[in-house]
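This report describes one protein chain, from its overall make-up to its interior and one part of its surface. Please look at the sequence and the structure before reading on.

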Amino acid sequence: MDFLTLTQSNWFIIGPIAKLLGWVMNAIYELLNTLSIPSIGLSIILYTIIVKALMLPLNLKQQKFSKLNMVMNPEIMKIQKKYQNKKDNVSMMKQQEEIKEVYDKYGVSTASGCLPMLIQFPLIFALYQVIYKIPGYIQSVKGLFVPIQTALMNIEGWAANEQLIELGTKHAVRAADLTGPDAANRVIDLLYGLNHVEWSTFQNIFQNDGLTQAINTALPEIDKINNFFGINLATSPSAQMTSAWWVLLIPILAGLTQWLSTKMITARTPSNDDAPGMGMMNSMNTVMPIMSVFFCFTFSAGIGLYWVISSLAQMVSQYFVNRYMDRIDINDMVSKNMEKVNAKRAKQGLPPKKVKPVLSVKNLEEEEKIEEEREQKAAVRREEQLKQSTQYYNNTNKKKGSLASKAGMVQQYNEKNLKKK
């Protein structure tokens, strides 16, 4: 869990992205500070909206694939049904080839649906890093804690104090962190998460005049920037329920808005209960909002505020994306996709692929219904013919299989043909 206790993330890929997003957060806070309204809560709200807006093209790309998938899905399901009971390697390879042909028909690759999601994962992790460790990315906020950190580290034997180690353990700062090369930043991590009771405990541990003066000077400003309608965004809701009961709204709204946001997305996503992993995905869509409520009780209230605003922003953007997608013609999407495919094929010296007109999901369903009705009528006709062919046996006293019965069948057949003429 070291990545949670570092003032700045040092993860591969996520670290650089977090620094870039941290620059955005820092710029927002400094702008608000210039306007004399320094507020971490307002900074988180604006930061979340801006980042969501930057991620909108990825969301739009994913929704375009979902719309195409609604048309492709019946064809893919038919192929999967065809090979449902065939598990040999040859059949599995044929199944994959036929599914690939469906994707080629619509000018998309099998990775089209996963790629936007894979790109978003590092962004989401980086977002959490910035909000979880505000002092690491907002220099003005870090500056408020530096005098306290300096005063503490000037006290002889401070890192070996058992009460401080116990306090640090509650905030994921280990004893080894207080003596390591990044001790100064780890101390700031510890200080940022303290609530009012813990600040008093921290001050009483050392009874140092320099430390007390530094705390008394910085703490009012720290409380001011972290205050959001009486809620301390730096500490968890579970730690401040007695002083501000309305903090419970944050985890509740986090779970509720995430559930509504998921509903809006899955409402436009084609459902295939037979697809591998679909059952787990449906379960996750129900479990994750519940888990959000639990996590928001234990994480800092700032994380919960981010989840609420993020889900609300997702719902708003999804509404406009849905309206935009309703106006897009599926054939135009396929034509544009095939233009890109043919451009690549031209570079490879391959002939262009023809664009086939795409039926809507409604037409595909109607076509499938007509085919089923045709098969049912054919089955009824076969059953009637079988019934008529054996009717002779039910209306004669001749022994079945005898020469007389067979001659009678020939006679009956000839009489029927004469009647038709």
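Helices here are DSSP runs of H or I with at least four residues, numbered from the N terminus. By that numbering, Leu253 lies in helix H13, which covers residues 249-266. The model is a predicted one.

## Overall make-up

The protein has 421 residues, and 40% of them are buried. Its secondary structure consists of 19 helices and two strands.

About 25,300 Å² of the protein is exposed, with carbon and sulfur atoms supplying 60% of that area. Of the contacts between residues at least 6 apart in sequence, 72% join residues at least 24 apart.

## The nonpolar cores

The largest nonpolar core contains 66 residues. Within this core, Tyr47, Ile148 and Phe202 have the most contacts. Helix H2 (residues 14-34) gives the most to this core, namely eight residues. Another core lies apart from it and has 19 residues, including Ile79, Tyr83, Ile99 and Val334.

Which residues does Phe202 touch, leaving out those up to four places away in sequence? They are Ile148, Leu152, Leu164, Leu167, Leu191, Leu194, Leu211 and Ile215.

## A nonpolar surface patch

A nonpolar patch of about 840 Å² is found on the surface. Phe229, Trp245, Trp246, Leu249, Leu253, Leu256, Trp259 and Leu260 make up this patch.

Is Leu253 buried, partly exposed or exposed? Its relative accessible area is 37%, so Leu253 counts as partly exposed. Patch residues need over 30% relative accessible area, and the 37% of Leu253 meets that cut-off.

Key. Residues numbered from 1 in each chain as written. Predicted model: local features only at pLDDT ≥ 70, side-chain atom pairs only at ≥ 80, totals over all residues. Heavy atoms only, no water. Patch = residues over 30% accessible without salt bridge, like charges linked within 9 Å, V, L, I, M, F, W, Y side chains within 5 Å. Areas by Shrake-Rupley, 256 points an atom, 1.4 Å probe, with all protein chains shown as cover. Salt bridge = Lys/Arg side-chain N within 4 Å of Asp/Glu carboxyl O. Buried < 20%, exposed > 50% of the residue type's maximum accessible area, 1.4 Å probe, protein only. Core = buried A, V, L, I, M, F, W, Y, C linked by side-chain atoms within 4.5 Å. Contact = heavy atoms within 4.5 Å.
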